[in-house]
Amino acid sequence: MNTANAYELDAAGPFQESTNTQAAEGRLVAPSIARTSDDQEDSSLPHLAESSTARKLLPTAPPVFLPRRSVEPRTHFIVLEKREGIVLEIGEGEFEARLIDILADEPEVTATFSFQDLSEDGRRLLKPGAVFYWNVGYSVSPSGQRSRVADLVFRRLPSRRVADVAAARRRADEVLHELGLAP
Amino acid sequence: MDPTPSAELVSIVVVGQFNPAIVTPLWLEREQLASPEEVAASTLKLIHPDVSDFSIGEKNLQLRRDRLTLTTSDTRFEEAMRDLAVGILGLLRHTPATMVGLNYEAHFKLPSVDSWHDKGHQLGPKEPWAGFTNKPGLVSLTMRDNERKEGYRNITVGPLSPQVLRVFINDHYELGQPEASEAQACIEKNWRSSIAESRRIATELAR
């Protein structure tokens, strides 16, 4: 057994498949530099320990496991309102969208947004039918500074593959045929 | 008024058999799952045949041979994180995948140290421990809700630091068909309701 394996067991207990984020992270923490007698068998450096000077230099104290922060100090967002938007129409310098309340059951509304509200990527993704998320709330910096923000995050979907498009066309042809609408 | 978390962490974990080396920021850009700006600003931690680990656009992605983990601590980007997970799994649709975890963590600063102790006493009464402990204190408590047959919800609660309560919820799903496309469908079907329910549970526990 090497020190990495020893630490895996110390940190997370016997291996057990789990979708718990922290159980996964626990097994990923870098192994300690402390060496066990077992790992000298397969290490390329054990002969150094035979020299009395080298032995003094090698770490002998047991590993110290520092408590891990479960959340790094990063920007935190306190959401006041969150809506999913669907772009309906694009005009000169602005666009119209239907907004669906994600957090509550408020009725759907239509709103107009300026292009200036969009990031460069948002402008590239803007087209009728595009989906975005509109967040209103407080952005809290790691130092605790709050600023009120409203921003738009557009939904990204993977590029369609030729085979997927061909399969969708075949399926559409089948449906047309079943409905008796095929040319 | 509902308690407001002082920090939140949302994550998706998929257990399977992956090839970490192919998933890089450039690959995400090529597949239109990330913008050029996000890729230019991404932070690489490790790209290796066994681990791909980087941050991109307020999202952290870690892919090991046995699991994909996506996290964000900025809830503006939780939908973007879900879309990224769904997009990656859609591209790797025939990759073996067996489990999905939709996870949520929240920290609540309670009004006082006394109310923080009271919460500990309420969740973990000390009477059963009185005969053999001198000063018992709750470190962590996990309750499993076995409501579903294809998974469960583990709710873990405990102190994070003086006056701060930590709630972590692992909403775990076992997949019927062991394929990434099934994991993709599971996330698309359950993610929104799962996060909403986890937020509700965390708020109730902090109340």
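Two strands count as paired here if DSSP finds at least two bridges between them, and the strands (E, at least two residues) and helices (H or I, at least four) are DSSP runs, numbered from the N terminus. The structure is a predicted model, in which local features need pLDDT of at least 70 and side-chain atom pairs count only at pLDDT 80 or more, while totals for chains, interfaces and linings use all residues. Residues are numbered from 1 along each chain as its sequence is written, and chains are lettered from A and ligands numbered from 1 in the order in which they are written.

**View 1. The open sheet of chain B has nine strands.** Going across, the order is β2-β3-β4-β5-β1-β6-β9-β8-β7, with antiparallel pairing. Out at the edges sit β2 (43–47) and β7 (141–145) of chain B, and each has a single partner strand, so one side of each has no neighbour in the sheet. On average, neighbouring strands here are turned by 10° against each other, direction ignored; the axes behind such angles are lines fitted to C-alpha atoms (for helices, over the stretch in contact), and angles between N-to-C directions run from 0 to 180 degrees.

**View 2. β7(B) and β8(B) make a hairpin.** Five residues lie between the two strands. β8 of chain B covers residues 151–161, and five bridges tie this strand to β7(B) in the antiparallel sense. Looking across the pair, you'll find B:T142 opposite B:T156, and B:R144 facing B:N154. Is β7(B) tucked away, or does it lie in the open? Largely in the open, because the number buried among its five residues is zero. Buried means that 20 or more other C-beta atoms lie within 10 Å of a residue's own; exposed means 12 or fewer, with partly exposed in between, and the C-beta atoms are placed from the backbone.

**View 3. Two helices of chain B meet the sheet.** Helix α4 (residues 113–123) of chain B packs on the sheet and touches β7, β8 and β9 (164–174), its direction making about 145° with that of β8(B). Helix α5 (residues 180–206) of chain B lies across β1 (7–16), β6 (97–109), β8 and β9, and runs at about 25° to β6(B).

**View 4. Zooming in on B:G120, a residue of helix α4 of chain B.** This glycine is buried, because 20 other C-beta atoms lie within 10 Å. Skipping its neighbours within four places in sequence, B:G120 is in contact (C-beta atoms, placed from the backbone, within 7 Å) with B:G137, B:L138 and B:P159. Now pick out B:S140: the residue is 20 places along the chain from B:G120, and their C-alpha atoms are separated by 9.5 Å.

**View 5. The largest nonpolar core holds 56 residues.** A core of this kind is a set of buried Ala, Val, Leu, Ile, Met, Phe, Trp, Tyr and Cys residues joined through C-beta atoms within 7 Å. Which residues touch the most other members? They are B:V14, B:A85, B:V100 and B:A183. With nine residues, α5(B) gives the most to this core. Apart from its neighbours within four places in sequence, B:A85 has B:I12, B:L70 and B:I187 in contact.

**View 6. Over in chain A, five strands form an open sheet.** Its order is β3-β2-β1-β4-β5, again with antiparallel pairing. β3 (109–114) and β5 of chain A are the edge strands, each pairing on one side only. Neighbouring strands are turned by 35° against each other on average, ignoring direction. Nine bridges join β4(A) to β5(A), and A:Y133 stands across from A:V153 in β5(A).

**View 7. Helix α5 of chain A spans residues 162–178.** Its 17 residues reach 24 Å from first C-alpha to last, close to the 24 Å expected at 1.5 Å a residue (the expected span takes 1.5 Å times one less than the number of residues). α5(A) is hardly covered, with a buried count of zero. After the helix comes A:G180, with a positive phi near 70°.

**View 8. Where chain A touches chain B, 24 residues of A are in contact with 35 of B.** On the chain A side, α2 (21–26), β1 (76–90), α4 (120–125), β4 (131–140) and β5 (146–154) each give two or more residues. β1(A) supplies the largest share, four residues. The chain A side splits into nine nonpolar, eight polar and seven charged residues; Ala, Val, Leu, Ile, Met, Phe, Trp, Tyr, Cys and Pro count as nonpolar, Asp, Glu, Lys and Arg as charged, and the others, Gly among them, as polar.
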